[in-house]
Amino acid sequence: MSGGAELFPGPDRAAAEEILGRYPSVHRQSAVLPLLDLAQRRNGGWLPPAVVDAVGDYLDMPSMRVRELVTFYSMFHDRPVGRYLVQVCRTTPCWLRGSDEVLAGAREELGIAPGETTPDGRFTLIEVECLGACADAPVVQINDDYHERLDGEQMRAWLRDQRRPEDD
Amino acid sequence: MPKLSIDGTEIEVVEGTTVLRACEQAGVEIPRFCFHERLSIAGNCRMCLVEQVGVPKPLASCAMPVTDGMQILTRSERVQAAREGVMEFLLVNHPLDCPICDQGGECDLQDQALYYGRVRSRYREAKRAVTDKDFGPLVKTVMTRCIHCTRCVRFMDEVAGVPELGTMGRGEDMEIVAALDGCLHSELSGNIVDLCPVGALTSKPYAFAARPWELSHTESVDVLDAAGSAIRIDSRDGRVLRVLPRVNEEINEEWIGDRARYAVDGLVVRRLDRPWLRADGAFRPVTWETALAAVATALQAAAPERTAALTGDLAGLEGMTALADLMRARGVDSVDCRQDGGAFGPGEPASWRFNASIAGIDRADAVLLIGTNPRREAPVINARFRKRWRAAGIPIARVGPVTDLTYPVTELGAEPVVLAELAQGSHPFAEVLGQARYPLIVVGSGALARPDGAVVLGLARQLADTVGAAGAAWNGFSVLQRSAARAGGLELGIVPADGGLDASGMQAAAREGRLDFLYLLGADEIDPEAFRDTFTVYQGHHADRGARHADVLLPGAAYTEQEATYVNTEGRPQQARPAHPPPGNARPDWKIFVALARELGSPLSYESLDGLRSRIEAAVPHLADIDQLPPPPPPPLAPFGDPDGALDAAPFEEIVPDYYRTCPISRASATMAACARAVADA
Ligand code: SF4
Ligand code: FES
Ligand code: FES
């Protein structure tokens, strides 16, 4: 149960403790998923191995058990991702409603293939399975937000907007 | 108690029983891959599907508790179809490489595909391939064959307590990985080879050595530590190819340590396979006649009080008895079985036995370890401590150096003075033991081999009284031996008679020129430098340390080559059986003594194994009760040791610095050397 101070410095400390407080103290390990999420948000959207191990120490869990979780859940990333993580749903409902076109738009606009990050580190493009919002297919998740009923042109326009220099 | 019907037969089971177990109790076999009775339930392979009448989907019987009135079908068409379906999915990515797979012939996947699978494959697409992993010198991986049952992961996590294996990724991308390449840091790692239901994990040293149907099986007992684990020796053409555990619930359950399993390649190197005689500083091979004549001449020339015999850590009861009889018939008092000088109370069996019994650990509710590292001295016993801790979270404390035992230990320090405080009841942990119903006090053999060993023994014994551990119903005073020969030698009373020399006395006498003749029966754990100028006969299977300054080398048999009885740390006699005859001109130990006695003109009173065993039974009757715990000495427990003596200030030390190399066989093993290197590198 060490590493808490370095892992969650300053105000995050309180956030981490609030999360821990949701679970009985004999089941600290139950907090592993929300704590990994918190740690990922504080580390540029991904979980370097040292951070994964630190979460394990913090919760008294073997680091192997934490690594398993990080690789199991697709919302955790064990490699760096861009500032915008563009996740294009490709499961059947979205596909029937034109996800291919949305993906093509993103590829063209960003000049990268799924799984890649733009050289400026701004965008990472990946394909994902059902995002659970099929009623509004096709769906793209960008960081914490859902963008629904998109077509290729809208996708391109949105991405183009994020390129504006005043964002930097 | 819930009642259910299985294929129409009514059966009543204990509350909480799973459907799979209930089926087993009803004599119905359920195929499975991920389920293992000694591991937690994972429920991930789906091979155990059965049908419950009235429930739309088949259920995973390994994870489903029985409820009253369930009607289970295990032979319906739906179950057959479900099994075929599961098999088909498992085989989608499983390579068809059985002809080059070491698991072939003893593979659960092969067998179950035969019984429950479809006749031919409908799969035409590409199969996945997975990079092999480096699990070190013992476990070979062919990860494309893995079916992700996670038995290996659960074993390392739960039983071994070394959570170094894990699953990475999910679905089709899932892989089993190790935390570090090159080594699993567990003394029990070889067990995952047995657990793996397919050929993903196989034995590296045994790779491509044999097919299971070519092997002869010999049921025997491991002697490379003092636990007495049940083993099966697999051999072919006079060579041991592998050792596997057998189930013995009272000792090793179904695990064995890596040394027991993998040191056997050391059986074929550096062997003594013919007698040798030293002449003008160099050894030359001689016949048995010449060698025995030379030994007899030297023995006859030496006065009994200038003659001694020392038995080693792998000696069986038969060899030790015959040697002791031969020596005592000549009036020799200096006979000892304690190379390390362990201070056991002679004549007090409770002072050298693990009185609580190994299965008794399952009852212990507070444990104190004194100067012992059970993880290195007896890994299967350590696994039992861990199992008990997992089940009941009992307090476990230690007086001794800090090491990772795979369960939490309250460290009381390595200074022996702590033991004195405990014995007087002034230490807080004495109270914890005192409040326990089944307090267990485990004394390591290393702690008793210190110069103040008798004091350590006496204080531990006193502590047993202080905390009420030595009652009539429960005797928690337990010595953890690490040599398979020690308890047996002590039961037989192989200790110097009054006025005789013990092991260190022999060394001192030899240095001072007061020892003319010394017989070493596989005694390799003692510094032979002192015996430079003494006429020394070394009888053993490996020309190890004890042979260094010997004048005659007599080839004896290893534990896989002779009928021999061993007594484990509990005092339980067990039988080792030969998988094949000893190599070359080597002979079973006891036969050599019979021949030598004849050569001396005073034959022993027995000439056959039966005769010798009757002689042992007459002396110590319980030694004939093979596999039985010894009768406990009548209560109250006698005092032993020297609780009032002076303790050394020196802290307790680690006595097994290298788990992998502790005896002539493991020191000769290339596999064990590779393990020691891998641990050092990691
Ligand atoms: S390696 Fe063997 S034991 Fe481990 S998960 Fe794969 S199939 Fe199961
Ligand atoms: S298929 Fe895309 S959100 Fe469900
Ligand atoms: S044995 Fe039941 S799911 Fe594997």
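A residue is near a molecule or strand if its C-beta atom, placed from the backbone, lies within 6 Å of that molecule or strand. The model is predicted: local features need pLDDT of at least 70, side-chain atom pairs count only at pLDDT 80 or more, and totals for chains, interfaces and linings use all residues. Residues are numbered from 1 along each chain as its sequence is written, and chains are lettered from A and ligands numbered from 1 in the order in which they are written.

**Exercise 1.** Determine which residues are closest to ligand 1 and how the shell divides by class.

*Solution.* Step 1: ligand 1 is surrounded by 14 residues, the closest being B:Cys146, B:Cys149, B:Cys152, B:Cys196 and B:Ala200. Step 2: Ala, Val, Leu, Ile, Met, Phe, Trp, Tyr, Cys and Pro count as nonpolar, Asp, Glu, Lys and Arg as charged, and the others, Gly among them, as polar. Step 3: on this scheme the shell comprises 11 nonpolar, two polar and one charged residues.

**Exercise 2.** Establish the strand order of the open sheet in chain A and identify the strands at the edges.

*Solution.* Step 1: strands (E, at least two residues) and helices (H or I, at least four) are DSSP runs, numbered from the N terminus; two strands pair if DSSP finds at least two bridges between them. Step 2: the four strands of chain A follow the order β2-β1-β3-β4, with mixed pairing. Step 3: β2 (123–128) and β4 (145–148) of chain A each have a single partner strand and stand at the edges, so one side of each lacks a neighbour in the sheet. Step 4: strands β1 (residues 84–89) and β3 (residues 139–142) of chain A run antiparallel and are joined by three bridges; A:Val86 has A:Ile142 in β3(A) as its bridge partner.

**Exercise 3.** Decide whether helix α17 of chain B is mostly covered or uncovered, and state what covers its buried residues.

*Solution.* Step 1: a residue is buried if 20 or more other C-beta atoms lie within 10 Å of its own, exposed if 12 or fewer, and partly exposed in between, with C-beta atoms placed from the backbone. Step 2: eight of the 11 residues of α17 (residues 589–599) of chain B are buried, and the helix is mostly covered. Among the buried residues are B:Trp590, B:Phe593 and B:Leu596. Step 3: the cover includes α7 (288–301), α8 (317–329) and β22 (517–521) of chain B. Step 4: B:Gly601, which follows α17(B), has a positive phi, near 85 degrees.

Note on methods
Two residues are in contact if their C-beta atoms, placed from the backbone, lie within 7 Å.
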